[in-house]
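Hi,

Here is the structure I promised to pass on. Have a look at it, and then read my notes below.

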Amino acid sequence: MDRLELARVLKAARARVAPEEVGLAAGPRRRVAGLRREEVAQLAGLSVEYVVRLEQGRGPRPSAQVLTALTQALRLERDERDQVFRLAGSAPPLAGGIEMSLRPSVLRLLQRLADLPALVLSAKGDVLARTPMADALLGDLGRWPEGRRNIIWQRFLGSGYARVALDPEEDDASARQSVGLLRTALSRYPDDPELRALIEELIVGSERFWSIWEEGRSTVYRSTRKTIDHPDLGRLVLDCDTLLLPDTDQSMIVYSAAAGTREASALDALRVTGAERISVSS
């Protein structure tokens, strides 16, 4: 690990990011170029002290999860991200493996959708980023522990989307789609170790997953309608559209409602309770 060079690269990257690029107000009294350390820490889900130590060249060796969160917060392109990984003494994400970093352009697009519940998922179902409206609608997805922010793991082994209301037929279709998504991912990324570990854990831990897995079917994310039981707004039937990001094999899921409907009014109400920034998973 080259701590001093890593510190220089991180500080330079922080200085290049304008606050408005990440949904923050610049303000008249800003005395630093780019982002403040506190803002980087907030965006990456890290402590300010941790970011300070890294920039002073005296921090511990960051984990791959921390490096991913930092490089996403700093809006680094793939080559710049790989440089940070190498300086930290870690191998960059494998070419041909599932892409877990978000392109800056995708984050900019997500910011444009800040008035709608939207999230970005990896090819194996990891929640990579979400709008404040997604948490307001679905519950705080950040409560899921690090390493468990995966909608398929949560569906079979965790709490799942507690607010998504499914009748038996919808539940069966949703479960089969989840399993089929992992089969599709495995066909595309047969050597991805985290994907194989996820599948093995699900097979061992969930008889239902194993039973559907044995059917051998593959699928992809599809647009649909979903019913949400919201604790304050009641039952909402929303359009749930999937936007594919083919370069990274990621998917953006966006919830919306037709103008003039009760659901549209409910989404208007949720905007009042939402936070003010995009949440990037670490």
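Let's start with Gly57, which sits in the loop that runs between α3 (48-55) and α4 (64-73). Keep in mind as you go that this is a predicted model. Is Gly57 buried or exposed? Its relative accessibility is 16%, and buried means under 20%, so Gly57 counts as buried. Part of its company comes from elsewhere in the sequence: once you set aside the neighbours within four places, Gly57 is in contact with Arg3 and Ala7. Asp2 is worth finding too, as it lies 55 residues from Gly57 along the chain, yet their C-alpha atoms are separated by 8.5 Å.

Next, another loop residue. Asp126 is placed between β1 (118-121) and β2 (127-130), and with a relative accessible area of 11% it is buried as well. Which side chains does the side chain of Asp126 make polar contacts with? One is Lys124, at 2.8 Å, and another is Asn150, at 3.2 Å. If you leave out residues up to four places away in sequence, Asp126 touches Met100, Val120, Leu121, Arg149 and Asn150.

Now for a helix, α10, which covers residues 193-205. Its 13 residues, at 1.5 Å a residue, should span 18 Å, and the end C-alpha atoms are indeed 18 Å apart, so the two values agree. Which residues of α10 are buried? They are Leu195, Leu198, Ile199 and Leu202. These four cover an arc of only 95 degrees around the axis, which means that they are on the same side of α10. The general reason is that an α-helix has 3.6 residues a turn, so residues three or four places apart point the same way.

The buried residues of α10 are covered by, among others, α8 (151-157), α9 (168-188) and α11 (207-213). On the face turned away from the buried side you will find the exposed residues Pro193, Glu200 and Val204. Have a look at the N-terminal end of α10 as well: Asp192 caps it, with a side-chain oxygen 3.1 Å from the backbone nitrogen of Glu194.

Two of those buried leucines come back when you look at the nonpolar cores. The largest core has 53 residues, and the members that touch the most others are Leu119, Leu137, Leu138, Leu182, Leu195, Leu202 and Tyr255. Which element gives this core its largest share? That is α9, with six residues. There is also a second, separate core of 26 residues, including Val9, Val40, Leu87 and Ala88.

Last, the strands. β4 (residues 224-230) pairs with β5 (residues 234-245) in the antiparallel sense, over seven bridges. Thr227 is a handy place to see this, since it stands opposite Val237 in β5. How many residues does the hairpin use to join β4 to β5? Three.

β5 also pairs with β6 (residues 250-256), again antiparallel and over seven bridges. Here you can look for Leu244, which stands opposite Ser251 in β6. The hairpin formed by β5 and β6 has four residues between the strands, and Asp249 in that turn has a positive phi of about 60 degrees.

That's my tour. Enjoy looking around!

Conventions:
Residues numbered from 1 in each chain as written. Predicted model: local features only at pLDDT ≥ 70, side-chain atom pairs only at ≥ 80, totals over all residues. Heavy atoms only, no water. Helix = DSSP H or I, 4+ residues; strand = E, 2+ residues; numbered from the N terminus. Expected span 1.5 Å × (residues − 1). Buried < 20%, exposed > 50% of the residue type's maximum accessible area, 1.4 Å probe, protein only. Arc of directions from axis to C-beta. Contact = heavy atoms within 4.5 Å. Polar contact = N/O pair within 3.5 Å; in protein donor to acceptor, adjacent residues only side chain to side chain. Pairing = 2+ DSSP bridges. Core = buried A, V, L, I, M, F, W, Y, C linked by side-chain atoms within 4.5 Å.
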